[in-house]
Amino acid sequence: MRKLSLPADSKMLTSSFTYGVATASFQIEGGIDSRLPCIWDTFCATPNKIVDNSNGAIACDHFNLWEDDINLIESLGVDAYRLSISWPRVMHKNGELNKEGVQFYLNILERLEQKNIKAFVTLYHWDLPQHIEDNGGWLNRETAFLFAEYADKISKAIGHKVHSFATLNEPFCSAYLGYEIGIHAPGKVGKEFGKKAAHHLLLGHGLALQMLNKNCPDALNGIVLNFTPCYSASEKEEDIEATKFADDYFNQWYAKPIFDGAYPDIINQLPEENRPEIFPGDMEIISQPNDFFGINFYTRAIYKADKEEHFVQLDPPAPRTDIGWEIYPQALNQLLTSLHEIYELPPIYITENGAAMNDQLEDGEVHDIDRVNYYQQHLSVVDNAIKSGIKIDGYFAWSLMDNFEWAEGYLKRFGIVHVDYETQKRTIKASGLAYKNLISNR
Ligand code: FCB
């Protein structure tokens with residue numbers, strides 16, 4: 001069996017380093033009859049949006065199987081579980097808490113507590129209630145305030161059982177994929193939408209953070225951003241400049257307002273109609289201090305200059321995972337180093353990292369050595385980053401188990417546990433066993 005290993009002097013082998021597994025509500029829960037519809041239900045019901053025409057109606061049936069799933073998490077020996085709350089499950093349309101929905105999460109959180117597993121709770125992992133979308137969704141400034149109201153109420157109800165709250169997961173994906181190029185829910189397309197949605201998401205983050213800090217001052221409160229580091233296709237000045245533009249557009253657009261209270265300067269190069277509407281005081285709300293910073297990393301992207309579009313992305317070179325993303329762990333190193341240099345950061349948690357692989361279940365086993373290798377490479381990078389002086393306090397594998405991979409449906413498997421969607425049987429893959437082994441050998 002291929003093992004995961006770290007050098008004996010690694011800070012990641014001390015008990016103060018947190019290892020976890022991550023999931024998100026829409027991707028695993030199912031149980032859609034007991035919650036309000038969300039934008040992903042609608043998106044899945046729209047023809048040709050999801051590669052296998054699937055939806056989240058059942059997913060991993062975690063809504064019914066949560067007790068077994070927590071036993072599974074416990075069996076992996078992890079310190080923490082990162083889950084998300086489904087906003088449409090815990091809030092009624094009238095803005096009141098849905099008691100049954102809240103109880104579902106309280107049961108989970110209580111069980112985690114009994115098992116001494118820290119709960120890292122994300123409040124928004126993309127499942128916006130459909131009725132809010134019908135009012136403009138993240139293009140409507142009001143949604144930021146509704147999000148803060150939800151954050152206020154849910155944190156009062158469950159905060160005593162939560163170790164860490166993240167406001168948003170990957171606002172880049174919500175804004176750009178969801179409102180600019182439309183490959184994610186709600187599927188809006190237009191350059192004039194992306195940055196407006198992004199601003200309202202970030203404003204929502206800031207407003208929600210105020211609620212979390214008020215209601216749960218002892219929790220680690222912060223945000224989770226994703227980064228795809230940008231590399232220039234050549235040494236040509238125009239390519240380097242285009243790549244810098246792409247980095248500001250996709251990555252720094254989300255980090256800079258949070259840590260510096262300002263958007264990247266390229267905001268002045270965007271046509272007026274594509275810019276967000278920023279009210280006085282917004283940037284102060286967005287840039288309040290965070291207790292931790294969650295970073296999701298999977299891959300890098302390579303760009304060259306383009307006359308019309310500023311930049312164009314090249315096809316990722318090999319080696320690639322099953323979802324087509326290049327395996328390039330050096331980019332994680334470059335990312336951590338550069339973020340550490342540019343910003344004054346709170347402690348970092350790698351809140352997602354992992355790979356989709358073409359897994360085969362054979363005789364009740366999955367020998368996903370390619371995924372073990374992916375984890376080995378990336379854990380080594382994290383270890384070296386810590387040694388170089390960057391404060392990283394935890395690492396979460398994406399994902400606990402195979403699940404609904406958004407526009408890819410169930411075709412792409414990211415789990416360290418295999419899910420048979422016919423029987424809902426879970427089988428720990430070689431990567432899950434290796435992860436367990438690494439953690440238990442500390
Ligand atoms: C991230 C998402 C997560 C999962 C992984 C593969 O962008 O946060 O839900 O889909 O990608």
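A residue counts as exposed when its relative accessible area is over 50%, and as buried when that area is under 20%. By this rule Asn48 is exposed, because its relative accessible area is 71%. The structure described here is a predicted model, and Asn48 makes a convenient starting point for a walk through it. Asn48 sits in the loop between helix H2 (39-45) and helix H3 (62-75), and its phi is near 70°, a positive value in a residue other than glycine.

Trp406 also has a positive phi, near 50°, but this residue is buried, with a relative accessible area of 4%. Its loop runs between strand E13 (392-398) and strand E14 (417-420). The side chain of Trp406 leads straight to the ligand: an N or O atom there is 2.9 Å from a ligand oxygen atom. Similar pairs involve the side chains of Glu405, at 2.7 Å, and Asn169, at 3.0 Å. The ligand on its own exposes 290 Å², of which the protein buries 95%. Around the ligand are Gln27, His125, Trp126, Asn169, Glu170, Tyr298, Glu352, Trp398, Glu405, Trp406 and Phe414. This shell is made up of 5 nonpolar, 3 polar and 3 charged residues.

Attention now turns to the protein interior. In soluble globular proteins, nonpolar side chains tend to be buried together. Here the largest nonpolar core has 128 residues, and Val21, Trp40, Leu123, Ile158, Ile392 and Tyr435 have the most contacts inside it. Helix H10 (residues 237-260) supplies the largest share of this core, 10 residues. A second core, separate from this one, has 18 residues, including Ala24, Phe120, Phe396 and Trp398. Within the largest core, Leu123 is among the residues with the most contacts; beyond its neighbours within four places in sequence, Leu123 touches Ile85, Phe147, Tyr150, Ala151, Ile154, Phe165, Ala166, Thr167 and Leu212.

Thr23 lies in the loop between strand E1 (18-22) and helix H1 (25-28). With a relative accessible area of 1%, Thr23 is buried. Its side chain forms a polar contact of 2.7 Å with that of Tyr81. Outside its neighbours within four places in sequence, the contacts of Thr23 include Arg82, Leu83, Ser84 and Trp398. Trp398 is also one of the residues around the ligand.

Two cis peptide bonds complete this tour. One joins Ala185 and Pro186, with omega about 5°, and Pro186 lies in the loop between helix H8 (171-179) and helix H9 (191-215). The other runs from Ala318 to Pro319, with omega near -5°; Pro319 belongs to the loop between strand E9 (310-313) and helix H12 (330-342).

Note on methods
Residues numbered from 1 in each chain as written. Predicted model: local features only at pLDDT ≥ 70, side-chain atom pairs only at ≥ 80, totals over all residues. Heavy atoms only, no water. Near = heavy atom within 4 Å. Polar contact = N/O pair within 3.5 Å; in protein donor to acceptor, adjacent residues only side chain to side chain. Areas by Shrake-Rupley, 256 points an atom, 1.4 Å probe, with all protein chains shown as cover. Nonpolar A, V, L, I, M, F, W, Y, C, P; charged D, E, K, R; others polar. Core = buried A, V, L, I, M, F, W, Y, C linked by side-chain atoms within 4.5 Å. Buried < 20%, exposed > 50% of the residue type's maximum accessible area, 1.4 Å probe, protein only. Helix = DSSP H or I, 4+ residues; strand = E, 2+ residues; numbered from the N terminus. Contact = heavy atoms within 4.5 Å.
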